[in-house]
Amino acid sequence: MFVKRYRFAALIAVATLSLGLIQAAERRIATTAVTKPLAEPAAAPTDRFERPVPMGVSVGNTPSLPFIYAGTAGLLVQEVNAPSIKYILSNNHVLGVQGPTLCPGTAQPGIFTLQPGTLDIGNDPGNSSFYQVGNFARSVPLVRGLLARNRADAAISVTTLELAKSEILGIGEPTIGTVNPVPGMPVIKSGRTTGVTNGTVDAVNVTLRVNYGTGCGRYRFIRQTTIVPGTFSSSGDSGSAILEAATNTPAALLFAGSSSLTVGTPIDDVFDLLGVEMSGSTPGQRRAMRANRLRDPEMSRLEAIQARHEDRLLDFDGVEGIGIGREGSRLVFKVYVTRLTPALRTALPRDLEGIPVVISESGEITAR
């Protein structure tokens with residue numbers, strides 16, 4: 001689960017705003033933000049940063065009680081049809097939550113987004129302008145259950161350029177644009193818990209199940225991306241932007257993982273579902289870039305094969321997910337299992353319609 005701890009205290013009442021008042025909230029947080037200097041400059045992602053804050057640092061919402069928790073600010077983005085409206089992009093289970101459950105989709109529009117999150121503050125300060133960097137705006141709805149077809153765990157909080165900037169801590173400015181994750185792609189991220197780490201895309205088009213913890217349940221996702229090694233991320237890194245390492249171009253949004261892998265959603269899907277694009281994008285820039293991408297016919301063929309078999313494979317007890325990876329020069333199906341037992345090794349097929357199946361032990365996949 002993303003980093004959260006119990007803190008027993010009375011719930012703090014907060015003022016809420018309707019979605020129709022987002023622009024009013026934008027003006028209000030610009031005029032009420034406190035710029036009190038710190039005794040020492042921020043050094044770690046868990047610190048409070050001078051405003052405007054970079055991405056890759058600790059964020060969370062108030063009210064969070066009886067928990068205190070934290071995730072990661074991923075990217076500074078803007079409304080596609082109103083570029084002057086800026087948002088902090090992270091996960092539904094980071095920006096789309098509030099106490100007393102912190103389950104996805106519980107946040108009321110307008111609640112304060114804080115930097116750092118309440119876990120790193122050490123308490124829930126309520127509507128403190130000293131910590132405020134935005135107001136929760138909207139999230140991609142999540143449907144609970146093992147047959148759902150969720151595409152992204154993502155949410156945004158409205159902010160201003162006085163409160164947040166596009167620079168990513170430890171990495172610098174991301175390249176404006178997006179790139180499709182592909183197996184073998186080197187990637188980099190900056191997160192609240194593990195800082196700047198490097199990894200490699202292990203599989204794409206992954207269908208998998210993610211545990212959101214007691215009381216929140218398990219959710220099924222499609223079209224996801226996995227990254228190895230397991231040290232690429234940890235609890236609290238949820239919301240980090242995963243970038244193509246060679247160009248620092250956004251490729252995915254981190255939201256889950258296990259002891260051996262990290263899970264992210266392709267960033268184009270995130271942007272499409274939320275109606276946003278990178279801050280500083282020019283009209284039509286991302287659409288033009290996507291139009292010039294070539295579709296791999298072999299990948300399309302494997303996606304069709306996967307669709308015919310994945311429900312049957314996910315019915316096996318202990319199977320966490322299935323996607324398309326690469327072994328050497330050949331595309332393969334990657335099947336992730338909680339623990340590779342002799343029974344599973346015997347039961348799972350060695351190929352699907354002639355395409356090899358590679359079984360990987362992943363452990364249980366949980367929200368980060």
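Biologist: Why is Arg301 called partly exposed?

Modeller: Arg301 has a relative accessible area of 39%. Buried means under 20% and exposed means over 50%, so at 39% Arg301 is partly exposed. Bear in mind that this is a predicted model.

Biologist: What makes the pair Arg301 and Glu298 a salt bridge?

Modeller: The closest N and O atoms of Arg301 and Glu298 are 3.0 Å apart. The cut-off is 4 Å between a side-chain nitrogen of Lys or Arg and a carboxyl oxygen of Asp or Glu, so the pair qualifies. Both residues sit in helix 6 (residues 297-314), three residues apart, about one turn of the helix. Glu298 is partly exposed too, with a relative accessible area of 31%.

Biologist: How many salt bridges turn up in the whole structure?

Modeller: The search finds 12 salt bridges. One of them joins Lys165 and Glu167, at 3.5 Å from N to O. Lys165 has 30% relative accessibility and counts as partly exposed, and Glu167, at 30%, counts as partly exposed.

Biologist: What about Asp269, which salt bridge does it form?

Modeller: Asp269 pairs with Arg151, with the closest N and O atoms 3.3 Å apart. That links distant parts of the chain: Asp269 is in helix 4, while Arg151 is in the loop between strand 9 (145-150) and strand 10, 118 residues apart. Arg223 comes in as well, since Arg151, Arg223 and Asp269 are linked in a network of salt bridges.

Biologist: Are Asp269 and Arg151 buried or partly exposed?

Modeller: They get separate labels. Asp269 has 5% relative accessibility, under the 20% limit, so it counts as buried. Arg151 has 27%, between 20% and 50%, so it counts as partly exposed.

Biologist: What makes helix 4 mostly covered?

Modeller: Six of the eight residues of helix 4 (residues 267-274) are buried. Those are Ile267, Asp268, Asp269, Val270, Phe271 and Leu274. Just after the helix, Gly275 takes a positive phi of about 70°.

Biologist: Which residues have the most contacts inside the largest nonpolar core?

Modeller: Leu89, Val270 and Phe271 do, in a core of 39 residues. Beyond its neighbours within four places in sequence, Val270 is in contact with Leu89, Ala152, Ala154, Leu253 and Thr265. Another core, of 28 residues, lies apart from that one, with Phe232, Ile242, Phe333 and Leu344 among its members.

Biologist: How do you know that strand 10 is largely enclosed by the rest of the structure?

Modeller: Count the buried residues: five of the five in strand 10 (residues 155-159) are buried, so the strand is largely enclosed. Both faces are covered, with Ala155, Ser157 and Thr159 buried on one side and Ile156 and Val158 on the other.

Biologist: Which strands pair with strand 10?

Modeller: Strand 6 (residues 82-90) pairs with strand 10 in the antiparallel sense over five bridges, and Leu89 stands opposite Ile156 there. Strand 8 (residues 132-139) pairs with strand 10 in the antiparallel sense over four bridges, with Phe136 standing opposite Ser157.

Biologist: Why is the link between Cys103 and Cys216 called a disulfide?

Modeller: The S to S distance is 2.0 Å. The limit is 2.5 Å between cysteine sulfur atoms, so Cys103 and Cys216 fit. A search of the whole structure finds one disulfide. The pair links distant parts of the chain, with Cys103 in the loop between helix 2 (92-95) and strand 7 (112-114), and Cys216 in the loop between strand 13 (195-211) and strand 14 (218-228), 113 residues apart.

Biologist: And why is that disulfide left-handed?

Modeller: The torsion about the S-S bond of Cys103 and Cys216 is about -90°, so the disulfide is left-handed. As for burial, Cys103 has a relative accessible area of 9% and is buried, and Cys216, with 0%, is buried.

Biologist: Last one: what makes Thr207 buried?

Modeller: Thr207 has 2% relative accessibility, and the limit is 20%, so it counts as buried. Thr207 is placed in strand 13. Its side chain makes a polar contact with the side chain of Glu310, at 2.9 Å. Outside its neighbours within four places in sequence, the contacts of Thr207 include Arg220, Phe221, Ile222, Gln306 and Leu314.

Technical notes
Residues are numbered from 1 along each chain as its sequence is written. This is a predicted model: local features need pLDDT of at least 70, side-chain atom pairs count only at pLDDT 80 or more; totals for chains, interfaces and linings use all residues. Side-chain values use heavy atoms; hydrogens and water are left out. A nonpolar core is a set of buried Ala, Val, Leu, Ile, Met, Phe, Trp, Tyr and Cys residues joined through side-chain atoms within 4.5 Å. Buried means under 20% relative accessible area, exposed over 50%, partly exposed in between (1.4 Å probe, protein chains only). Contact means heavy atoms within 4.5 Å. Helices (H or I, at least four residues) and strands (E, at least two) are DSSP runs, numbered from the N terminus. Two strands pair if DSSP finds at least two bridges between them. A polar contact is a pair of N or O atoms within 3.5 Å; within protein, one must be able to donate a hydrogen and the other to accept it, and residues adjacent in sequence count only if both atoms are side-chain atoms.
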